[in-house]
Amino acid sequence: MPLFEKNAPISTETLQTILNNHYAPITLGDIIKESQNNTYHAENPQTQQRYVVRVTSNETHDNEVRIQSELALIDYVHERGLSVCPAIKRSDDVTKNYVVEEGLVVVVFVYADGEPITDYVVCDWMKDQLLWEATGRWFGEFHQLSKGFQAESDMAEKVRNYDELHDGIMKSATIEDDLIQLLEDHEHSGILHGDVNTSNFFVQTLPDKKVLSVFDWDQSQYGWYLFDVGQSVMGPYILSRAKFATTGEQMDCDILEIINWIIAGYEEVMGDGYVDRELLKRMILLRRQFYELFCRRAVVELESQEGVDEHMRGFCQDIVSWFDAETEKGIQPFDYY
C-alpha cells in the first residue's frame, strides 16, 4: 500500500447533494486540501457559521471504523472542555455525526477558533513563549482526558497503534526494549492526537495567555504520550537544523528554550517534575527517525506518482536533503542545542 492514498475524483455536485440530504442548509465552498482526505470550506448561509467538510474514501470499509473511533475521541474531549473542532450532528439524524455514501465517509467539522500560523519565513512564533506554554498545556489537558477515554469508551480499542499508520512505516524503526515495555504503562502511554503541529491548530490570544484550537485528528493513535509532545517540537527542530545542516548558520531560535516552555505548560496541568526530560529527548529522536523513514520512502513513491501535492513532494525532498547533509558533515542530533 502506498504512503499517500489519494481519494478518487469527487464531484462537488455529488458532495453538495450529500450535504443537502444530511447537513442542510450547509453549502460547500472551495477545496482546502486534496490528499488522503479532501477538505473543503463550507458555510451555513442562514447563520454564516463556518465549517470544514472532510471526505475520505471508504472502498475497503476500514476507514469507517477508524473514523468512528476518531470522532468518539473528539466528542469525549470536547464535551469535557478541551479546545477542539467537533463534528456536527446530521440534520436528518441527530444521533450520527458522519455519512457513508457513494463510497465515501463525509464529516462536517466546526471551524476552528482563533487565527492560523502562516509565517514560515521570519518565524517569530518560534520565540513566542505564550504559544509554547499553551501547546504544553493543551497536551496536558488532552492526555489527562485520553486516560479517561480509554477507561470509559469501547471505541478506544479501535484506535490504531502508532506503528500501523502510514503503511506500518514505524515497524522499521529502531526502538529500545524499555520503550516497548513502556507502552504497557498507562501513566506514560495512551491515545495520542498524533500530529499536533502549527498547521493543525489555530491560536486564540487572550489577555493573559494563548489557547490552541486543535483539529486534524485523523492520525490519532496509541503510543507514548511524550511521542505526541515530541511531534510539536519537530517544526522548529526541522526548520532550525535544516538551515544549520545546509548553510552552517543557526536560526534565531533556541530549541531547548521551546522545549522548556512546552514542559512548563505541560507540568502546569500534570504537576511539577512530571516530565522525564531524557525520555522526552528520546521521543523527539524517535520522531526524527519517523521523519527520515517516511520522507525517504515518500521521495521514491512521489517521483512516479501523478497528481501529487507539489508542496508535499518538495517538503519530503527537503527533509531527505537535510538528513543527507547532516550525515555528510557528521552532525549528530542535539549537537548544538
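This is a short walk through a predicted model, stop by stop, with something to select at each one.

**Whole chain**

Start zoomed out, with everything shown as a cartoon. You should find eight helices and 10 strands. The C-alpha trace spans about 60 × 50 × 40 Å along its principal axes. The radius of gyration is 20 Å, which agrees with the value near 20 Å that a compact globule of 337 residues would have.

Now switch on a surface. About 16000 Å² is exposed, with carbon and sulfur atoms supplying 48% of that. Colour by charge and you'll be looking at 28 positive and 59 negative side chains. For all that imbalance in number, the centres of the two sets lie 1 Å apart.

Hide the surface again and think about the inside: buried residues make up 52% of the 337. If you like drawing contacts, take those between residues at least 6 apart in sequence; 72% of them join residues at least 24 apart.

**Into the core**

Nonpolar side chains tend to be buried together in soluble globular proteins. Here, the largest nonpolar core has 81 residues. Select Val-77, Trp-138, Met-170, Trp-217 and Trp-224, the residues with the most contacts inside this core. Then add helix α7, residues 277–303, which gives the core its largest share, 12 residues.

Which residues does Trp-224 touch, not counting those up to four places away in sequence? Show Trp-224 as sticks and pick out Tyr-162, Ile-175, Leu-179, Leu-182, Leu-183, His-188, Ser-189, Leu-192, Met-283 and Leu-286.

Apart from that core lies another, of 17 residues. To locate this second core, select Ile-10, Leu-15, Tyr-23 and Ile-88, which are among its members.

**Backbone oddities**

Most residues other than glycine have a negative phi, and most peptide bonds are trans. The next three stops go against that habit.

Go to Pro-25, in the loop between α1 (12–22) and β1 (27–34). The peptide bond joining Ala-24 and Pro-25 is cis, with omega about 5°.

Next, centre on Gln-48. You are in the loop between β2 (37–44) and β3 (49–57), and phi of Gln-48 is positive, near 65°.

Then jump to Asp-167, in the loop between α3 and α4 (177–182). Asp-167 is not a glycine either, yet has a positive phi of about 55°. Asp-167 counts as partly exposed because its relative accessibility is 35%, between the 20% and 50% cut-offs.

**Along the same loop, then back to α3**

Stay in the loop between α3 and α4 and select Glu-176. Is Glu-176 buried, partly exposed or exposed? With 40% relative accessibility, Glu-176 counts as partly exposed. For a distance to draw, go from the C-alpha of Glu-176 to that of Gln-289: the two are 113 residues apart along the chain and separated by 13 Å.

Finish at Glu-152, in helix α3 (residues 129–152). Glu-152 counts as exposed, because its relative accessibility is 54% and the exposed class covers values over 50%. Leaving aside neighbours within four places in sequence, Glu-152 is in contact with Tyr-76 and Arg-80. One last line to draw runs from Glu-152 to Tyr-98: they are 54 residues apart in sequence, and 22 Å separates their C-alpha atoms.

Terms used
Residues numbered from 1 in each chain as written. Predicted model: local features only at pLDDT ≥ 70, side-chain atom pairs only at ≥ 80, totals over all residues. Heavy atoms only, no water. Core = buried A, V, L, I, M, F, W, Y, C linked by side-chain atoms within 4.5 Å. Buried < 20%, exposed > 50% of the residue type's maximum accessible area, 1.4 Å probe, protein only. Helix = DSSP H or I, 4+ residues; strand = E, 2+ residues; numbered from the N terminus. Contact = heavy atoms within 4.5 Å. Rg over C-alpha atoms; globule rule 2.2 N^0.38 Å. Areas by Shrake-Rupley, 256 points an atom, 1.4 Å probe, with all protein chains shown as cover. Lys, Arg positive; Asp, Glu negative; His and termini not counted. Charge placed at Lys NZ, Arg CZ, Asp CG, Glu CD.
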